[in-house]
Amino acid sequence: MLFDLPLEQLREYRPARDEPADFDAFWSQTLAEARRHPLAARFEPVDVGLTTLDSYDVSFAGYGGQQVRGWLLLPRPRSGRLPCVVEYIGYGGGRGLPLDWLIWASVGFAHLIMDTRGQGSTWRPGDTPDLVDGGSDPAFPGYMTRGIADPGSYYYRRVYTDAVRAVEAARSHPGIDPARVAVTGVSQGGGIAIAVAGVVPDLKASLPDVPFLCHFRRATEITDAAPYAEIVGFLRAHRDKVDRAFSTLSYFDGMQFAARAQCRALFSVALMDEVCPPSTVFAAFNHWAGPKDICVWPFNQHNGGEMFQVREKIRFLKAHLS
């Protein structure tokens, strides 16, 4: 059912951003610390039986110099440097196998998939651990409240940093054109794609689908669905940490990154989505600083447009990335 604002109001919904004064300094310092470690990107060929694509087992140094895994798929045959799509994965999923990721290389693009640290045991396996120095404070089961007492220790500080380094790893490959890189993802992957576009100024495009990690405050107030429910569950027990938790989350809210993003964007939103409510998606979309468009799927839940949206993304990237 439709439970959020009417579409005409959603298109105008642009809530105030509760932005930390040191937001830019925080992310500048975070990424500078990560870049002190050699990127050490490696691309090891792996034969999975495909005849039209080449696949590579990827590793690179992410947050804290810790190894992050992924896949790279390249079309065969190919000539010259290729445009590249860097993809981030939805909540709970991991990189799986190269056979899970055939679309973008089949279109003719290079395709780098980043494994999400600590995830990959819910619906697709992953291979990247989340190494936390000194352990972790109490957290609600899941990832949303890990380290939430401080932005420096929050889980998504590590994930967003990995994601920026994934773009740098893709650009380091000799077969990829560093000037033609786009980022994309669904749900959590879409939220990560927004964040990366906000701190990497020279991306060609960002394509967030039904994005998560946007407008945390409103999400926790209008939906009972996981994963936002993890924050509610944590605060139900830690009644004295409400302000502190939302202060931390303000460093990771998609609205802040969207306001800094200059690349072209194609969003998607589903109007019956109780996992990532439409108003939270439009909050980020309406703050996006660069050229933008959004595909609206009025009768869908968190599945969004699925292959109908993929078709729109192919058209979009052929126009703006090729």
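Author: Let's start with a working definition: a residue counts as buried when its relative accessible area is under 20%. The model we're looking at is a predicted one.

Reader: Fine. Then what makes you say that helix H10 is largely enclosed by the rest of the structure?

Author: The count does. H10 covers residues 278–287, and 10 of the 10 are buried, so the rest of the structure largely encloses this helix. The run goes from Pro278 and Ser279 through to Asn286 and His287, with Phe282 and Phe285 also among the buried residues.

Reader: And what do the buried residues of H10 pack against?

Author: Quite a list: helices H1 (7–10), H5 (188–199), H6 and H9 (254–258), plus strands S8 (264–270) and S9 (292–297). One of the contacts is easy to pick out: His215 touches Thr280 and Ala283, as well as Tyr13, Pro15, Asp253 and Met255, leaving out residues up to four places away in sequence. His215 sits in the loop between strand S7 (205–209) and H6.

Reader: Why is His215 called buried?

Author: Its relative accessibility is 9%, and the cut-off is under 20%, so His215 counts as buried.

Reader: Now helix H8. How do you know that its buried residues line one face?

Author: The buried ones in H8 (residues 242–249) are Ala245, Phe246, Thr248 and Leu249. Look down the helix axis and they fall within an arc of 155°, so they line one face. Those buried residues pack against H6 (216–222) and H7 (228–237). From the other side of the story, the buried residues of H7 pack against H6 and H8.

Reader: Is Ala229 in H7 buried, exposed or partly exposed?

Author: Ala229 lies in H7, and its relative accessible area is 23%. Buried needs under 20% and exposed needs over 50%, so Ala229 is called partly exposed. The buried residues of H7 include Tyr228 and Glu230.

Reader: What makes a set of residues the largest nonpolar core here, and which members touch the most others?

Author: The members are buried residues of nonpolar kinds, joined through side-chain atoms within 4.5 Å. The largest such set has 75 residues, and Val86, Tyr88, Tyr156, Tyr160 and Val196 touch the most other members. Helix H4 (residues 155–172) gives the most to this core, with 10 residues. Apart from this core lies another, of 12 residues, with Phe109, Ala205, Leu207 and Trp297 among them. As for Tyr160, setting aside neighbours within four places in sequence, its contacts are Trp27, Ile192, Ala195, Leu213, Phe252 and Phe257.

Reader: How do you know how many disulfides there are?

Author: A disulfide needs two cysteine sulfur atoms within 2.5 Å, and by that rule the count comes to zero. Take Cys263: the closest cysteine sulfur, in Cys214, is 14 Å away, which is too far for a bond. Cys276 is in no disulfide either, with the sulfur of Cys214 at 7.7 Å as its nearest.

Reader: Are Cys263 and Cys276 buried or exposed?

Author: Cys263 has a relative accessible area of 6% and is buried. Cys276 comes in at 1% relative accessibility and counts as buried as well.

Reader: What makes Val210 and Glu306 worth a look in the backbone?

Author: Their phi angles. Val210 has a positive phi of about 30° although it is not a glycine, and Glu306, also not a glycine, has a positive phi near 45°. Val210 lies in the loop between S7 and H6, and at 2% relative accessibility it counts as buried. Glu306 is found in helix H11; its relative accessible area is 53%, and exposed means over 50%, so Glu306 is exposed.

Reader: Why is the peptide bond from Arg76 to Pro77 called cis?

Author: Look at omega: it is near -5° for that bond, which is cis. Pro77 lies in the loop between S3 and S4. The bond from Ala226 to Pro227 is cis too, with omega near 5°, and Pro227 is in the loop between H6 and H7.

Reader: Last one: which element gives the most to the lining of the largest pocket?

Author: H11 does, with five residues. The pocket holds about 680 Å³ of space. Its lining has 29 residues, and Glu87, Trp101, Trp123, Arg124 and Val186 lie nearest the centre.

How values were computed:
Residues numbered from 1 in each chain as written. Predicted model: local features only at pLDDT ≥ 70, side-chain atom pairs only at ≥ 80, totals over all residues. Heavy atoms only, no water. Buried < 20%, exposed > 50% of the residue type's maximum accessible area, 1.4 Å probe, protein only. Helix = DSSP H or I, 4+ residues; strand = E, 2+ residues; numbered from the N terminus. Arc of directions from axis to C-beta. Contact = heavy atoms within 4.5 Å. 1 Å grid on protein atoms, 1.4 Å probe; cavity = no way out; pocket = protein on both sides within 12 Å on 5 of 7 lines; lining within 4 Å. Points joined across faces, edges and corners; volume = space filled by probe spheres on them.
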